[in-house]
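User: I'm new to reading protein structures and would like a close look at one part of this one. Could you walk me through it slowly?

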Amino acid sequence: EEMRKLGKCPSAPMTWPTSVAYDDERGWYYLPEITKVQKCFELFLSGVSNWSEIERATGILKWNVRGILSNPIYSGWRVYDKKRDPSREARYAQVDGRQSDRRKMRRPSEDVIRVKVIDEPIVSERDFARVQEMLAEKRDRHLRARHSAGSRFIYHGFLACSACGSAEYTRTYTSQKSGLV
């Protein structure tokens with residue numbers, strides 16, 4: 001906790017953000033390949049919101065793009081807004097019964113740690129805030145589109161296999177000969 005408040009690194013390199021590194025002398029700093037991350041921000045701010053297009057342009061896997069665009073380290077800030085859940089129910093056990101991990105939970109707003117760790121960020125705080133707005137709009141459009149259309153299948157979510165009880169799924173397929181769906 002204290003290391004986090006001082007802007008130091010309490011975690012292993014595998015958990016560090018893309019193209020960011022840490023050492024005790026320099027603190028947090030960007031690696032040379034940060035230009036790819038910078039390109040992600042530029043593309044998104046210019047209106048390119050398709051993850052696959054951003055992947056093709058930058059070489060960063062599309063699965064990582066949203067997380068990169070959401071990480072405040074690229075605006076110079078290290079933010080710890082989650083912590084391990086201390087409750088007994090949050091423990092994950094290994095096969096042999098030993099504790100392996102704990103579920104993460106949001107920190108209360110008064111416990112969020114926010115430390116300026118990079119003086120020359122790759123994206124301004126203003127642009128970073130705009131990207132967060134754009135991500136929220138993209139998410140809202142996606143959810144609205146998905147839920148407002150309703151299901152094409154009248155018994156969606158209500159059918160179960162009579163033999164084993166598991167959920168039944170339907171699949172749409174197009175016949176190339178007849179053009180039927």
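User: Which kind of link do the side chains of Asp81 and Arg106 meet in? Please start there and work outwards.

Analyst: Happy to. One thing first: this is a predicted model, so everything below describes a prediction.

Your pair forms a salt bridge, with a distance of 3.5 Å from N to O. It ties together distant parts of the chain: Asp81 sits in the loop between S3 and strand S4 (82–84), Arg106 belongs to strand S7, and 25 residues separate the two. How open are these partners? Asp81 has a relative accessibility of 28%, so it counts as partly exposed. Arg106 comes out at 57%, and because the cut-off for exposed is over 50%, Arg106 is called exposed.

Now take one step along the chain to Arg107, which is in the loop between strand S7 (104–106) and S8. Is Arg107 buried or exposed? It's buried, with a relative accessible area of just 9%. Its side chain has backbone company there: the side chain of Arg107 reaches the backbone oxygen of Lys82 at 3.0 Å. That same side chain also reaches the backbone oxygen of Asp111, this time at 3.4 Å.

Keep going and you arrive at strand S8, residues 113–116. There's a neat pattern to spot here. Ile113 and Val115 point to one face and are buried, while Arg114 and Lys116 point to the other face and are not buried. Why the back-and-forth? In a regular strand, side chains alternate between the two faces of the sheet. S8 has a neighbour too: strand S3 (residues 77–80) pairs with S8 in the antiparallel sense, over 4 bridges. If you want a spot to find by eye, look for Arg78, which stands opposite Val115 in S8.

Arg114 and Lys116 turn up again when you look at charges. Together with Glu125, they are linked in a network of salt bridges. The structure holds 7 salt bridges, and a couple of others are worth a visit. Arg130 and Glu133 meet in one, at 3.2 Å from N to O. These two are 3 residues apart in helix H5 (residues 125–148), so about one helical turn separates them. Arg130 is partly exposed at 35% relative accessibility, and Glu133 is partly exposed at 44%. Then there's the salt bridge between the side chains of Asp140 and Arg139, at 3.6 Å from N to O. Asp140 has 34% relative accessibility, which makes it partly exposed, and Arg139, at 42%, is partly exposed as well.

Let's jump to another part of the chain and look at some helices. Helix H3 covers residues 51–58, and Asn50 caps its N-terminal end: a side-chain oxygen of Asn50 lies 2.8 Å from the backbone nitrogen of Ser52. After H3 comes Gly59, with a positive phi near 85°.

H3 packs against helix H4 (residues 62–70) at an angle of about 95°, and their axes are 8 Å apart. That angle makes H3 roughly perpendicular to H4. Who does the touching? On the H3 side, the contact is made by Trp51, Ser52, Ile54 and Glu55, and on the H4 side by Lys62, Val65, Arg66 and Leu69.

One more helix connects to this picture. Lys36 lies in helix H2 (residues 34–45), and it is partly exposed, with a relative accessible area of 41%. Leaving aside residues up to four places away in sequence, Lys36 touches Thr58 and Ile60.

Lys36 also leads us to a last stop. Its C-alpha atom is separated by 8.6 Å from that of Ser19, although the two are 17 residues apart along the chain. Ser19 lies in the loop between helix H1 (2–5) and strand S1 (20–23). At 9% relative accessibility, Ser19 counts as buried. What's unusual about its backbone? Most residues other than glycine have a negative phi. Ser19 is not a glycine, yet its phi is positive, at about 65°.

To tie it back to your question: Asp81 and Arg106 meet in a salt bridge that links distant parts of the chain.

Notes
Residues are numbered from 1 along each chain as its sequence is written. This is a predicted model: local features need pLDDT of at least 70, side-chain atom pairs count only at pLDDT 80 or more; totals for chains, interfaces and linings use all residues. Side-chain values use heavy atoms; hydrogens and water are left out. Buried means under 20% relative accessible area, exposed over 50%, partly exposed in between (1.4 Å probe, protein chains only). Two strands pair if DSSP finds at least two bridges between them. A polar contact is a pair of N or O atoms within 3.5 Å; within protein, one must be able to donate a hydrogen and the other to accept it, and residues adjacent in sequence count only if both atoms are side-chain atoms. A salt bridge is a side-chain nitrogen of Lys or Arg within 4 Å of a carboxyl oxygen of Asp or Glu. Axes are lines fitted to C-alpha atoms, for helices over the stretch in contact, and angles run from 0 to 180 degrees between N-to-C directions. Angles under 35 degrees count as roughly parallel, over 145 as roughly antiparallel, 65 to 115 as roughly perpendicular and the rest as oblique. Contact means heavy atoms within 4.5 Å.
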